[in-house]
Amino acid sequence: MFIDTMNNLFNGFINLGGPAMMFVIITVLSLLVGVSISKSLEGGLRMAVALTGMGAVISLLTSSFAPALEQFVESTGVSLSITDLGWAPLAVITWGSVYTLYFAFVCLVVNFIMLITKMTTTLNVDLFNIWNLSVIGLLTLYYSNQNFILTTLFVMMIYALMLINADVMKPTINKLLDYDDTNITTTAHPSLLIAPVVMIFNKIIDVCLPFIDKYDFNAEVLNKKIGFWGSKFAIGAYLGIFIGLLGQQSAAEIFTLAFTGGVALELFALVGGWFGPAIEPLSNGITKQMSKRLKGRTLLVGIDWPILAPRAELWAVANILAPILLIISIFLPGNKVLPLGGILLTVLAPALLIITKGRVLRMTIIGTVLIPLFLWGATFIAEFVTETSRAMNSIPAGLSANALFSSIDSDPIEKMLAILMGSAVKTMDMKWIGLSIVAVALYLLMFFWYFKQMRKDHA
């Protein structure tokens with residue numbers, strides 16, 4: 001009787017939906033770490049509103065673009081049948097899942113242990129972006145038949161590398177942003193784990209194309225010349241026109257798609273900005289609790305990647321790569337995703353900025369070479385994203401019954417590793433287990449090679 005009652009209560013809680021669940025969870029957790037009642041309620045309400053708002057923007061985009069995309073597939077035979085909705089659907093899925101709180105707890109424990117053992121000097125307060133780790137964890141669970149041990153270990157490993165990366169990038173961040181040596185701000189954003197791969201190609205350019213730096217240009221001047229025409233409004237409009245033409249829509253429909261695209265891209269940025277303040281009271285409460293136990297040690301504070309946003313090169317390259325991403329998506333073998341929400345590739349530009357130290361030509365070349373990784377990653381996770389959203393009753397309006405959607409988002413290599421390891425554990429096929437071990441070993445070797453190179457550059 002007791003177990004049945006608890007199951008009914010739990011299922012009833014789940015059936016409230018992601019926004020209501022997170023309102024309750026964020027509020028209660030904030031109270032538990034010493035946040036005031038008003039601030040706790042504010043954080044919970046902000047999170048619920050942000051999740052609801054993001055769901056509405058996603059539905060607007062999919063319901064408007066779906067007919068044109070379906071017509072494009074029918075008329076051309078090009079199988080770009082997966083709709084990219086950017087990072088938003090992954091945030092909605094993860095922050096609507098109770099597993100995210102478990103992964104957040106695991107990450108906080110890892111951070112605390114690494115701080116007290118002096119394996120890192122970064123206290124990561126960017127709690128909202130734990131959802132990136134949650135995606136990797138949920139993917140591992142999905143493909144491993146719910147293997148909790150493998151999932152926990154993998155999430156712990158990735159989070160530890162994020163913290164080490166935040167430490168080793170700090171001198172470069174200081175130079176790029178003109179911080180002095182007393183500045184304690186860094187970023188441990190998961191998207192920056194693509195930096196080792198960027199460094200490999202940067203070293204190749206050092207050997208094969210060292211002369212290109214002579215032809216580099218001033219990104220700030222370029223951005224001023226582009227002006228409004230490189231804004232989210234304009235890029236969304238270009239995207240709508242492009243999709244309308246591909247789908248052979250009427251002039252009126254193309255205008256509607258253009259305006260809807262502009263609205264959607266601007267709203268993605270606006271509503272996305274609500275998540276940080278929503279998690280801030282809880283994050284501040286946890287930070288105070290951890291700081292008490294670290295006896296006043298001077299630490300680096302890890303926040304979101306937009307600390308790099310003042311650099312004009314980041315936005316110049318994001319604008320340059322957007323049309324390149326669209327063109328590659330059409331012709332890339334194995335890709336089934338047509339970029340929409342992730343068109344600006346801000347999941348790649350920050351790592352390009354840090355490794356090349358803002359050299360625009362290098363950033364553009366390496367970004368172009370790495371675009372396929374992000375498209376393949378989005379293709380591979382489409383089944384997981386769609387089925388998980390369907391299970392949570394958060395399928396965007398406008399999608400047909402069998403349509404898949406996905407996200408061109410950060411950590412494509414980590415997502416591929418999650419799928420590979422999960423599948424190997426599920427099947428217990430020795431060939432796949434061996435391949436997984438080799439893949440993880442190569443991934444770690446690449447990271448520590450990169451770590452040594454960064455240390456050498458700062459020496």
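**View A. Helices α7 and α17 are roughly antiparallel to each other (over 145 degrees).** Welcome to the first close-up of this predicted model, in which local features need pLDDT of at least 70, side-chain atom pairs count only at pLDDT 80 or more, and totals for chains, interfaces and linings use all residues. Residues are numbered from 1 along each chain as its sequence is written, and side-chain values use heavy atoms, with hydrogens and water left out. Helix α7 covers residues 148–177 and helix α17 covers residues 412–427; helices are DSSP runs of H or I with at least four residues, strands are runs of E with at least two, and both are numbered from the N terminus. The two axes come within 11 Å and cross at roughly 155 degrees. Axes are lines fitted to C-alpha atoms, for helices over the stretch in contact, with angles from 0 to 180 degrees between N-to-C directions. From α7, look for L150, F154 and I158; they meet E414, L417, A418, M421, G422 and V425 of α17, where contact means heavy atoms within 4.5 Å. Seven nonpolar residues, one polar and one charged make up this contact (Ala, Val, Leu, Ile, Met, Phe, Trp, Tyr, Cys and Pro count as nonpolar, Asp, Glu, Lys and Arg as charged, and the others, Gly among them, as polar).

**View B. Helix α7 lies across a three-stranded sheet.** This open sheet has the strand order β2-β4-β3, and its pairing is parallel (strands pair if DSSP finds at least two bridges between them). At the edges are β2 (122–124) and β3 (185–187), each pairing on one side only. From one strand to the next, the twist averages 40 degrees. To follow the pairing residue by residue, start with β2 and β4 (residues 300–303): they run parallel and are joined by three bridges. One spot to zoom in on is N124, whose bridge partner in β4 is G302. Helix α7, already met in View A, lies across β2, β3 and β4 and runs at about 130 degrees to β3.

**View C. Helix α5 crosses α6, and Y99 of α5 also pairs with F148.** The axes of α5 and α6 (residues 130–143) come within 9 Å, crossing at roughly 115 degrees. That makes α5 and α6 roughly perpendicular to each other (65 to 115 degrees). On the α5 side, Y99, T100, F103, A104 and C107 make the contact, with I130, L133, S134, G137, L138 and L141 on the α6 side. Sorted by class, these are eight nonpolar, three polar and no charged residues. The structure holds nine aromatic pairs, counted when ring centres of Phe, Tyr or Trp (its six-membered ring) lie within 6.5 Å. Y99 and F148 form a tilted pair, 6.1 Å from centre to centre with 45 degrees between the planes (under 30 degrees would be stacked, over 60 edge-to-face). Y99 belongs to α5 (residues 99–116) and F148 to α7, so this pair ties together parts that are 49 residues apart in sequence.

**View D. Helices α13 and α14 are oblique to each other.** Here α13 spans residues 312–331 and α14 spans residues 349–356. Their axes come within 9 Å and cross at roughly 125 degrees, which is why the pair counts as oblique (neither under 35 degrees, nor 65 to 115, nor over 145). E313, L314, V317 and L321 are the α13 residues to find, and they meet A349, P350, L352 and L353 in α14. Seven of the residues in this contact are nonpolar, none is polar and one is charged.

**View E. Strands β5, β1 and β6 form an open sheet with parallel pairing.** The strands follow the order β5-β1-β6. Because β5 (337–338) and β6 (404–406) stand at the edges with a single partner strand each, one side of each is left without a neighbour in the sheet. Strand β1 (residues 82–84) pairs with β5 in the parallel sense over two bridges. For a handy landmark, pick I82, which stands opposite V337 in β5. To complete the view, helix α16 (residues 382–391) lies across β1 and β6, running at about 105 degrees to β6.
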